[in-house]
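Me: I've got a model open and want to know what stands behind the labels people put on it. Can you take me through it?

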Amino acid sequence: MYGIQYPNIAGTYYDRFDAVINLGLILRKELFTAEHTFHRVESTYAFSASNVFKLDPLHALFALKQHDPLHWSKEQFIDLMHLTLTWYRKAHSVFPQAQYPSLIWDVLPKCGASQVHPHMHGFLDSRQYHGVVEAWRMAAEDYYVHRGTNFYTDMAAVASGLGLAVTYKSAIAFASLVPRKDHEVVIMSSSAGTDFFELIYFVLRAFIDDLGKFCYSMGLAYPAMDDKKAQIPAYARIITRGAVTEIRADISSLELFTATNVNIDPFKVIHFVKNSVLKRS
């Protein structure tokens, strides 16, 4: 407006991280990360470690071998996600009672990441899913008892009927009608596999590259390892966490003690996701 060019503050902020990243820092996982008793798993682009400050006896870290938290390829991301499946299978083979896999991921300090290095936290609990994942699973059971239909399928169908969804092979992504925070997108598939992981990648690149939202938080859940009574689809929920340079926190007493406050149009959100699928698939 009026010929004014606004500086790319977010880009400048991230360039400071990039300068550190390009110093040639090499993460020596054998020296600086712990292992579980059944050791770690490793792939071409990623590796696992045991988290020292555990929220669960089987609490793992899944990290990319590269240090840059934003500039990773589809090949690298899919490799990382398949590594999580490898670790869950290995952990379950050693501890068969551990059944319920879930993951969380925060990127950059603005949204609570303890390290700049891209890393996810994974849990494999023996009693139930963690937190909101278990709340959704219990709600789905109650929904089926009272309505006789599948909660997850109906949720996706409503979004699709409103034009808020995009399908990719065996997976679906939709803008949430009841978002936890800004730009929430839910990705679902009957199982955790390549289609599911690719659609997550398309959503993340839409946030990072197309919307310029460098900070985001993601929660994922996979179907239980072999407990048929507690089966859920594979799903991910992704939200953005505000401008990377914003001093103000993205949550306040309003969100903590009263209700969620989101002012993002879900139709605009799904527009970016659809475009990302078209140009990156």
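Reply: Sure. Let's start with a cut-off: buried means under 20% relative accessible area. Keep in mind that this is a predicted model.

Me: What makes β1 largely enclosed by the rest of the structure?

Reply: Five of the five residues of β1 fall in the buried class, so the strand is largely enclosed by the rest of the structure. Both faces are covered: Ala-46, Ser-48 and Ser-50 are buried on one side, and Phe-47 and Ala-49 are buried on the other.

Me: How do you know that β1 and β2 pair?

Reply: Pairing takes at least two bridges, and β1 and β2 (residues 59-64) have five, in the antiparallel sense. For one of the partners, look at Phe-47, whose bridge partner in β2 is Ala-63.

Me: What makes β1 and β5 edge strands?

Reply: Each of them pairs on one side only. They sit at the ends of an open sheet of nine strands, in the order β1-β2-β4-β3-β8-β9-β7-β6-β5, with antiparallel pairing. On average, neighbouring strands of this sheet are turned by 20 degrees against each other, direction ignored. At the β5 end, four bridges link β5 and β6 (residues 171-175) in the antiparallel sense. There, Tyr-168 stands opposite Ala-171 in β6.

Me: Which strands does α4 touch where it packs on the sheet?

Reply: Helix α4 (residues 131-147) touches β7, β8 and β9, and its direction makes about 125 degrees with that of β9. Helix α6 lies across β3, β5, β6, β7, β8 and β9, running at about 5 degrees to β9.

Me: Why is α4 called roughly perpendicular to α5?

Reply: The axes of α4 and α5 (residues 151-161) come within 9 Å and cross at roughly 90 degrees. The window for that label is 65 to 115 degrees, so α4 counts as roughly perpendicular to α5. The residues of this contact divide into six nonpolar, no polar and two charged. From α4 come Trp-136, Arg-137, Ala-140 and Tyr-143, which meet Phe-151, Tyr-152, Asp-154 and Met-155 in α5.

Me: Which residues touch the most other members of the largest nonpolar core?

Reply: Those are Phe-77, Trp-87, Ile-187, Phe-196, Ile-200 and Tyr-222, in a core of 78 residues. Helix α6 (residues 194-210) gives the largest share of this core, with ten residues. Take Phe-77: leaving out residues up to four places away in sequence, Phe-77 touches Trp-72, Trp-105, Met-120, Phe-197, Ile-200, Tyr-201 and Leu-204.

Me: Why does Ser-276 count as buried?

Reply: The cut-off for buried is under 20%, and Ser-276 has 0% relative accessibility, so it counts as buried. Ser-276 is in helix α8 (residues 266-280). Neighbours within four places in sequence aside, Ser-276 is in contact with Phe-202, Arg-205, Ala-206, Asp-210 and Ser-281.

Me: And why is Thr-245 called partly exposed?

Reply: Buried stops at 20% and exposed starts over 50%, with partly exposed in between. Thr-245 has 32% relative accessibility, so it counts as partly exposed. You'll find Thr-245 in the loop between β9 and α7 (253-258). The C-alpha atoms of Thr-245 and Cys-215 are separated by 9.9 Å, while the two residues are 30 residues apart along the chain.

Methods
Residues are numbered from 1 along each chain as its sequence is written. This is a predicted model: local features need pLDDT of at least 70, side-chain atom pairs count only at pLDDT 80 or more; totals for chains, interfaces and linings use all residues. Side-chain values use heavy atoms; hydrogens and water are left out. A nonpolar core is a set of buried Ala, Val, Leu, Ile, Met, Phe, Trp, Tyr and Cys residues joined through side-chain atoms within 4.5 Å. Buried means under 20% relative accessible area, exposed over 50%, partly exposed in between (1.4 Å probe, protein chains only). Helices (H or I, at least four residues) and strands (E, at least two) are DSSP runs, numbered from the N terminus. Contact means heavy atoms within 4.5 Å. Axes are lines fitted to C-alpha atoms, for helices over the stretch in contact, and angles run from 0 to 180 degrees between N-to-C directions. Angles under 35 degrees count as roughly parallel, over 145 as roughly antiparallel, 65 to 115 as roughly perpendicular and the rest as oblique. Ala, Val, Leu, Ile, Met, Phe, Trp, Tyr, Cys and Pro count as nonpolar, Asp, Glu, Lys and Arg as charged, and the others, Gly among them, as polar.
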